[in-house]
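Me: Please give a close account of the residues that carry the "binding site" annotation in this model, and then of the salt bridges.

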Amino acid sequence: MAATGENLRIDGDRLWDSLMEMAKIGPGVAGGNNRQTLTDEDAEGRALFKQWCDDAGLSMGVDQMGSMFMMREGTDPDALPVYVGSHLDTQPTGGKYDGVLGVLGALEAVRSMNDLGIRTKHPICVVNWTNEEGARFAPAMMASGVFAGVHTLDYAYGRTDLDGKAFGEELERIGWKGEEEVGARKMHAYYELHIEQGPILEAEDKDIGVVTHCQGLWWLEFTLTGREAHTGSTPMDMRVNAGLAAARIFEMVQEVAMAAQPGAVGGVGQMQFSPNSRNVLPGKVVFTVDIRSPDQEKLDGMRAEIEKRAAAICDEIGVGCDVEAVGHFDPVTFDPELVGNVRKAAEELGYSHRELISGAGHDACWAAKVAPATMVMCPCVKGISHNEAEEISKEWATAGAEVLFRAVLETAGIVE
């Protein structure tokens, strides 16, 4: 690529305005967003994104998982596209930037190419992946997982939410089930811009995270089966208390994660009691253990230890214990050349930066199975994410998008 000039910058005000406009769709109750995948709000957000892409001259493709691929043509008809994007779906109590910054930052890069009259050898494809969050339908990063061949289409279509609604049926209902075969597209490279979702960049006063790796993950869904009984009239020594077993497992998960330090985390974020009545001992408790580490041996060792100790806990109380792995990916090492492009772009622009290992999973983790991939990160206030209090500054968003812009151009090749 020719030497980058000072004029190769994005319009930070336009990017911020787009983020704020998208945030009006599916507003949360405390300043964030509730635009869960395959809801009416998701459909509305997709329609707005499509309108913006139409205005930017992009052509749309939609695959059978509902992922949106918005293409800007390159000058070489044989060159594979550079894909850039993230996701528009949110957590039930999510923020305005998680995922959305990556999609709209990619769109802003294309808008800036249009403004500056830049042509690229490789096409640029802005992508909105379906169901990255996994909040409504587990597992997370589901559409990119099907794209990468990790999950089958039938498996994805059959996943159900807490109300028993199937993913495939909901995709059809909102009108975003495409005809394109999932994974048929070929990628030259993949870039993803994201907020850090952690406190490191802000704490160290760094503008940019150069992401070299992503932690591996196991989501283990436990179903504990006890016996419903009156909490007041059932003697303590005659109870089969699934809730007690769950409490002991929660504490055990903490112990296992602490014993695996450094470089490991574990906890429980979702739980359901049944029948969930004040004066009835639960007959069933369902919860998900989330464990992560960039070390494969440590990650798998934690899983084995948790499952072994959970079985012993339940046996002692007489509670049934079933475990299903509902989400998994191995630790990921991102492409060194693309990582270098991100680092170079940050240096050219004068942004402070440091290397990061992503603590969260992203669509880039699955994209890395089919093409060279990497990520760019910007700070978020106090590292808060998956929370309506999630916040970033316009300056951070602009810096991240500008680094993304230059790195993508480095890979796509500017045609003079």
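Reply: The annotated residues are described below, followed by a selection of salt bridges.

The model is a predicted one. According to the unreviewed UniProt entry, the annotation "binding site" covers Asp98, Glu133 and His386. These three residues span 289 residues in sequence, yet no two of their C-alpha atoms are more than 9.5 Å apart, so they gather at one spot.

Asp98 is located in the loop that runs between β3 (82-86) and α3. With a relative accessible area of 4%, Asp98 is buried. Residues up to four places away in sequence aside, Asp98 touches His87, Asp89, Glu133, His194, Ile195, Gln197, Ser385, His386 and Glu390. Both of the other annotated residues, Glu133 and His386, therefore appear among the contacts of Asp98. The side chain of Asp98 is joined to that of His87 by a polar contact of 3.4 Å.

His386 belongs to the loop between β16 (373-378) and α12 (394-412). Whereas Asp98 is buried, His386 is partly exposed, its relative accessible area being 41%. Beyond its neighbours within four places in sequence, His386 is in contact with Gln91, Thr93, Asp98, Glu133 and Gln197. The side chains of His386 and Asp98 also make a polar contact, at 3.2 Å.

Turning to charged pairs, the structure holds 22 salt bridges. One of them joins the side chains of Asp115 and Arg14, with an N to O distance of 2.7 Å. Because Asp115 lies in helix α3 (residues 100-116) and Arg14 in helix α1 (residues 12-22), this pair ties together parts that are 101 residues apart in sequence. Arg14 is partly exposed, at a relative accessible area of 23%.

A salt bridge within a single helix is formed by Arg46 and Asp42, whose side chains meet at 3.3 Å, N to O. The two residues are four apart in helix α2 (residues 40-55), so about one helical turn separates them. Arg46 counts as buried at 1% relative accessibility, and Asp42 counts as buried at 3%.

Asp161 and Arg136 form a further salt bridge, with their closest N and O atoms 2.9 Å apart. Asp161 lies in the loop between α5 (153-158) and α6 (167-173), and Arg136 in the loop between β5 (124-128) and α4 (142-147), so the pair ties together parts that are 25 residues apart in sequence. Both Asp161 and Arg136 are buried. Through shared partners, salt bridges join Asp40, Arg136, Asp161, Glu170 and Arg173 into one network.

Conventions:
Residues are numbered from 1 along each chain as its sequence is written. This is a predicted model: local features need pLDDT of at least 70, side-chain atom pairs count only at pLDDT 80 or more; totals for chains, interfaces and linings use all residues. Side-chain values use heavy atoms; hydrogens and water are left out. A salt bridge is a side-chain nitrogen of Lys or Arg within 4 Å of a carboxyl oxygen of Asp or Glu. Buried means under 20% relative accessible area, exposed over 50%, partly exposed in between (1.4 Å probe, protein chains only). UniProt positions are given in the numbering used here, feature names are shortened, and annotations may be inferred rather than shown by experiment. Contact means heavy atoms within 4.5 Å. A polar contact is a pair of N or O atoms within 3.5 Å; within protein, one must be able to donate a hydrogen and the other to accept it, and residues adjacent in sequence count only if both atoms are side-chain atoms.
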